[in-house]
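User: Hi! I am new to this structure and would like to learn how to read it. Could you take me through it step by step?

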Amino acid sequence: MDMNPLSHKTLSEAAASRLAASLLDGSLSPGTQLPPERELMNQLGISRTTLREALKSLEENRLIESRPNIGWFVCKIDESNITQAKALAGEHINQTPRVATDEPATRPRRVPVSPEKPLHIPNLKEDRLGTFEFISWWEREKVDKAKVLVVGAGALGNEVIKNLALMGVGNIFIIDFDNIEAANLSRSVLFRETDNQRSKAEVVAARAKAINPQIKVQYLNTDVTTGLGLGIIRRMDVVVGCLDNREARLAVNRFCYWLDKPWVDGAIQELLGLMRVFVPGQGACYECTLTEQALRDLSLRYSCQLLARQNVLLGKVPTTPTIASIIGGMQSQEVLKLIHDMPVESGKVVHFNGLNNHMHTTAYNPREDCESHWTYGEITELPARAERATLSDMLTIARADLGKEAMIELDQELVTSLECPKCHAKEEVLRPVSEITFEAGHCPDCGELREAQFTHMITGEEPFLHRTLANVGVPPLHILRAHNGYEYRFYELNGDEAEALHFRHFEQPEEEHAIPVEGRVRLKEEVTLEDAPSNPARNRIRLKDEKPLAEVVVKSANSGVRIGVSQKAVKVKKASRNRVRTQDPERTKKGQAKSAQGRVKLC
Ligand SMILES: [Zn+2]
Ligand SMILES: [Zn+2]
């Protein structure tokens with residue numbers, strides 16, 4: 001019997017062989033620096049002594065050179081050293097795959113050392129994110145592809161957005177309804193004196209893009225509780241709350257639960273701060289953390305949203321840039337962990353007390369009867385747009401799926417009339433409550449706060465069914481709920497997607513699609529917003545150009561229903577007959593049903 005003799009290679013020889021093979025196949029290119037010793041030790045699974053022996057043998061063969069106090073650098077392979085390199089590489093020379101072939105030539109190529117994380121030799125002179133490659137768990141592709149929604153662009157939002165941009169989080173969506181004022185400048189690293197009265201969301205988006213032009217950004221200048229289409233949350237990986245009020249936190253919490261998205265909350269006041277991560281179904285959610293009293297206060301304020309919004313605007317909390325950095329930094333790290341699918345402590349809170357620098361973690365108790373614990377079932381994507389589809393259209397679609405009992409449940413209360421309790425003057429209105437200002441809530445004659453009549457259930461009896469969804473306060477790319485008393489269905493206004501979610505703000509136009517934009521924001525060094533277009537959507541390329549309304553047939557399991565949605569073939573995706581997978585809709589929606597139709601005194 002013929003047997004090959006066993007190899008007596010030492011570990012250091014094997015390591016040198018691997019590294020030499022990487023030099024030969026170009027994965028380690030001449031002039032680049034080798035990763036730090038610890039990294040190489042981990043990747044090769046060897047001790048420091050063994051690694052040093054391997055490096056020494058590479059140095060003796062003039063394959064790498066040491067630069068004192070800096071590290072090891074790869075030498076050029078030429079006639080003088082190629083024989084030695086081949087001899088050292090030995091058996092590894094042919095079996096080493098070139099991992100880097102699918103990557104663009106401009107990116108540093110990888111050393112095929114560990115199958116878990118290929119060793120990446122960055123070019124620190126050209127690659128702004130190169131240093132992160134030395135972090136053992138860092139996955140550049142995941143970070144680059146991540147979609148993160150940041151709600152709030154105040155002190156915390158500034159810190160979080162700055163960090164996300166620096167770390168190269170690829171797609172950042174920023175929402176805030178507020179404008180910048182002088183007092184924000186003391187704790188918001190991205191604001192400048194010249195930004196006074198500009199939209200916070202727009203300015204931070206522009207500055208994030210200026211910090212790192214490789215990322216994509218989008219901003220929305222609106223109130224998260226009423227103006228954000230749920231389809232946007234549905235397309236995010238992580239949501240970060242940088243908020244200063246309970247109403248907005250509660251709204252974000254419910255949206256994230258409905259769409260099964262993790263969210264990271266932060267709160268700061270003077271020297272105190274807290275940070276917590278909520279993952280639906282894993283421990284407590286934000287609403288679980290609220291006391292009975294707080295919930296009562298909130299529901300009171302919900303029936304009185306005019307005052308609630310006024311309070312949000314007035315209720316400024318004193319904060320400092322230092323506590324914002326600490327908590328914003330912690331939030332950003334949790335976002336990074338969620339992007340990497342690393343474990344997070346969901347349903348727990350980290351308290352930081354800057355007075356004594358004490359930090360402690362506490363777990364919240366999940367509440368059995370928490371109203372937030374409800375996840376949407378399968379979502380049907382409709383090629384409809386909030387601006388075009390009417391309440392009647394939606395009702396027709398819902399009835400095709402759920403029968404003639406189907407009703408549309410709006411997320412926002414619709415004010416149908418305002419009446420003065422003193423002079424009894426009644427004004428018919430039909431506007432979402434978010435569009436009624438504090439002033440408009442008062443009687444124009446005597447100044448008394450008027451009583452409002454609300455509704456949020458569309459039953460088919462309403463005299464305003466011809467109104468568009470946008471007209472009754474439904475934001476673009478929203479997901480609407482319909483139910484027939486025992487089953488829910490969810491419909492997304494997918495026709496809005498191209499315009500509502502693009503991550504293209506402050507992007508330089510590509511040459512072939514270049515559109516001359518009047519006063520385009522410049523990205524040289526500091527972004528100036530002096531001449532930013534007032535409506536950035538106006539100049540965007542429209543990806544789906546919708547034709548005027550026309551009758552089309554929606555294919556439905558029940559019947560062919562004629563509705564006016566769009567001239568395109570209306571395809572109802574994923575319209576399964578599945579029931580909502582979670583709970584009894586009656587029980588879960590009871591909170592909203594209470595105020596469905598009734599007279600509510602504003603305050
Ligand atoms: Zn809860
Ligand atoms: Zn009056």
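User: Let me start with one residue. Where is the place of Glu139?

Analyst: Happy to help! Please keep in mind that this is a predicted model. To place a residue, look for the elements on either side of it. Glu139 sits in the loop between strand 4 (119-120) and helix 6 (140-145).

User: Is Glu139 buried, partly exposed or exposed?

Analyst: The relative accessible area decides this: buried means under 20% and exposed means over 50%, with partly exposed in between. Glu139 has a relative accessible area of 37%, so the residue is partly exposed.

User: How far apart are Glu139 and His340 in sequence and in space?

Analyst: This is a good pair for practising two kinds of distance. Along the sequence, Glu139 and His340 are 201 residues apart, yet their C-alpha atoms are 7.1 Å apart in space.

User: What does the whole protein look like in numbers, for secondary structure and burial?

Analyst: The secondary structure comes to 18 helices and 21 strands. Of the 603 residues in the protein, 51% are buried. For contacts between residues at least 6 apart in sequence, 68% join residues at least 24 apart.

User: Now the metals. Which residues are the protein donors of the zinc ion (ligand 1)?

Analyst: To read a metal site, list the donor atoms and then look at their distances. For the zinc ion (ligand 1) the donors are Cys285 (SG), Cys288 (SG), Cys370 (SG) and His373 (NE2), at 2.0 to 2.3 Å from the ion. Their spacing in sequence is C-x2-C-x81-C-x2-H. Two of these donor residues, Cys285 and Cys288, are buried.

User: Why is the arrangement around the zinc ion (ligand 1) called tetrahedral?

Analyst: Here you read the angles. Four donors count as tetrahedral if all angles lie between 85 and 135 degrees. Around the zinc ion (ligand 1) the four donor atoms subtend angles of 97 to 121 degrees, so the arrangement is tetrahedral.

User: What can you tell me about Glu371 and Cys288?

Analyst: Cys288 is one of the donors we just met. Glu371 and Cys288 are 83 residues apart in sequence, with their C-alpha atoms 8.7 Å apart. Glu371 lies in the loop between strand 12 and strand 13 (379-382). Its relative accessibility is 23%, so Glu371 counts as partly exposed.

User: Which residues coordinate the zinc ion (ligand 2), and how are they spaced?

Analyst: You can use the steps from before. Cys420 (SG), Cys423 (SG), Cys443 (SG) and Cys446 (SG) coordinate the zinc ion (ligand 2) at 2.2 to 2.3 Å. The spacing of these donor residues in sequence is C-x2-C-x19-C-x2-C. The angles subtended by the four donor atoms are 101 to 124 degrees, which makes this arrangement tetrahedral.

User: Are Cys420 and Cys423 buried, partly exposed or exposed?

Analyst: Cys420 has a relative accessible area of 1%, so this residue is buried. Cys423, at 37% relative accessibility, counts as partly exposed.

User: What is phi of His424?

Analyst: The general idea is that most residues other than glycine have a negative phi. His424 is not a glycine, but has a positive phi of about 55 degrees. This residue is in the loop between strand 14 (407-419) and strand 15 (426-432), and at 53% relative accessibility His424 counts as exposed. Glu270 also has a positive phi, near 50 degrees. Glu270 is found in the loop between strand 9 (263-269) and strand 10 (272-278), and with a relative accessible area of 46% it is partly exposed.

User: Last topic: how do helix 2 and helix 3 pack?

Analyst: Read the angle and then the distance between the axes. Helix 2 (residues 37-44) and helix 3 (residues 48-60) pack at about 100 degrees, with axes 10 Å apart. Angles of 65 to 115 degrees count as roughly perpendicular, and therefore helix 2 and helix 3 are roughly perpendicular to each other. Helix 2 makes the contact with Glu37, Arg38, Leu40, Met41 and Leu44, while helix 3 uses Arg48, Leu51 and Arg52. The residues of this contact are four nonpolar, no polar and four charged.

Notes
Residues are numbered from 1 along each chain as its sequence is written. Chains are lettered from A and ligands numbered from 1 in the order in which they are written. This is a predicted model: local features need pLDDT of at least 70, side-chain atom pairs count only at pLDDT 80 or more; totals for chains, interfaces and linings use all residues. Side-chain values use heavy atoms; hydrogens and water are left out. Donors are N, O and S atoms within 2.8 Å of the metal (3.2 Å for Na, K and Ca); water is not among the atoms, so sites may look incomplete. Four donors count as tetrahedral if all angles lie between 85 and 135 degrees; four count as square planar and six as octahedral if opposite donors are over 155 degrees apart and all others between 65 and 115; anything else is irregular. Buried means under 20% relative accessible area, exposed over 50%, partly exposed in between (1.4 Å probe, protein chains only). Axes are lines fitted to C-alpha atoms, for helices over the stretch in contact, and angles run from 0 to 180 degrees between N-to-C directions. Helices (H or I, at least four residues) and strands (E, at least two) are DSSP runs, numbered from the N terminus. Angles under 35 degrees count as roughly parallel, over 145 as roughly antiparallel, 65 to 115 as roughly perpendicular and the rest as oblique. Contact means heavy atoms within 4.5 Å. Ala, Val, Leu, Ile, Met, Phe, Trp, Tyr, Cys and Pro count as nonpolar, Asp, Glu, Lys and Arg as charged, and the others, Gly among them, as polar.
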